[in-house]
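Subject: Handing over the model

Hi there,

Here is the structure I promised to pass on to you. Have a look at it first, and then read on for my notes.

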Amino acid sequence: MSLDKVRSLLRQAEEDLRVACYDKCISSSYFSCRMMVEIFLRSEKIEHLPRRDDKLANLLRNQGLREEADTHLFLYDMRKRADYGWSISGREDAEESLSAAKSLISSISGRMGLRLI
């Protein structure tokens, strides 16, 4: 896992939004954040990361990142809706997901002393 991959996924999400691939935008937004969360938790010496997103969010909360945990769960829910054909409103949901992803990545990378976006 690398920060370069986080940046790449975020750029893909931006491009997907631009070309109206809203489901892909939402999915890439989620995965960029999932990777950022895992990088952060490993930097905090948490070795065994759960696969389930609710448990991953709990680890973020335990690190004092309540808002980021809630954002992660929001993005996970949006990804499920997009990937499984459940109701998303298209561009509006894609924009909201991308904005949430940028916020989460900015917050966590700032806490790590990095500037990714």
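Below is what turned up, grouped by topic.

Please keep in mind throughout that this is a predicted model.

**The core**

Let me begin with the inside. The largest nonpolar core is made of 33 residues. Val6, Val37, Leu41, Leu60, Ile105 and Ile108 are the ones with the most contacts inside this core. Five helices each supply at least two of its residues: α1 (3–18), α2 (22–43), α3 (53–62), α4 (66–83) and α5 (91–111). The largest share comes from α2, with 10 residues. As general background, nonpolar side chains tend to be buried together in soluble globular proteins.

Val37 is a good residue to click on if you want to see this region from within. Setting aside neighbours within four places in sequence, Val37 touches Leu56, Leu60, His72, Leu104 and Ile108. Of these partners, Leu60 and Ile108 also belong to the group with the most contacts inside the core.

**Where α2 meets α4**

Which residues make the contact between α2 and α4? On the α2 side they are Asp23, Ile26, Ser27, Ser29, Tyr30, Phe31, Cys33, Arg34 and Val37. On the α4 side they are His72, Leu75, Tyr76, Met78, Arg79, Ala82 and Asp83. Sorted by character, the residues of this contact are nine nonpolar, three polar and four charged. As for the geometry, the two helices pack at an angle of about 145°, and their axes are 9 Å apart. The crossing of α2 and α4 is left-handed.

Two members of this contact deserve a second look. Arg79, in helix α4, is buried or exposed? Its relative accessibility is 12%, below the 20% cut-off, so Arg79 counts as buried. Beyond its neighbours within four places in sequence, Arg79 is in contact with Ile26, Ser27, Tyr30 and Phe31.

Phe31 sits in helix α2 and is partly exposed, at 36% relative accessibility. Leaving out neighbours within four places in sequence, Phe31 contacts Leu9 as well as Arg79. If you are checking distances, the C-alpha atoms of Phe31 and Ile105 are 11 Å apart in space, with their positions 74 residues apart in sequence.

**The cysteines**

Why are Cys21 and Cys25 not joined by a disulfide? A disulfide is a covalent bond between the sulfur atoms of two cysteines. The cut-off used here is 2.5 Å between the sulfurs. The closest cysteine sulfur to that of Cys21 is in Cys25, 9.4 Å away, and that is too far for a bond. Seen from the other end, the sulfur of Cys25 has Cys21 as its closest cysteine partner, again at 9.4 Å and too far for a bond. In total, the structure has zero disulfides. As for their surroundings, Cys21 is partly exposed, with a relative accessible area of 29%, whereas Cys25 is buried, at 0%.

**Two backbone points in the loops**

Most residues other than glycine have a negative phi. Ala20 has a positive phi of about 65°, although it is not a glycine. Ala20 lies in the loop between α1 and α2 and is partly exposed, with a relative accessible area of 42%. Lys45, also a residue other than glycine, has a positive phi near 70°. Lys45 belongs to the loop between α2 and α3 and is exposed, at 66% relative accessibility.

**Two more places along the helices**

Met35 is in helix α2 and counts as buried, at 17% relative accessibility. The C-alpha atoms of Met35 and Arg11 are separated by 14 Å, and the two residues are 24 residues apart along the chain.

Glu95 is in helix α5 and is partly exposed, at 38% relative accessibility. From Glu95 to Gly110 is 15 residues in sequence and 22 Å in space, C-alpha to C-alpha.

That is everything from my side, so over to you. Enjoy exploring it!

Best wishes

Conventions:
Residues numbered from 1 in each chain as written. Predicted model: local features only at pLDDT ≥ 70, side-chain atom pairs only at ≥ 80, totals over all residues. Heavy atoms only, no water. Core = buried A, V, L, I, M, F, W, Y, C linked by side-chain atoms within 4.5 Å. Buried < 20%, exposed > 50% of the residue type's maximum accessible area, 1.4 Å probe, protein only. Helix = DSSP H or I, 4+ residues; strand = E, 2+ residues; numbered from the N terminus. Contact = heavy atoms within 4.5 Å. Axes fitted to C-alpha atoms, helices over the stretch in contact; angles between N-to-C directions. Left-handed = near helix turned anticlockwise from the far one by under 90°. Nonpolar A, V, L, I, M, F, W, Y, C, P; charged D, E, K, R; others polar.
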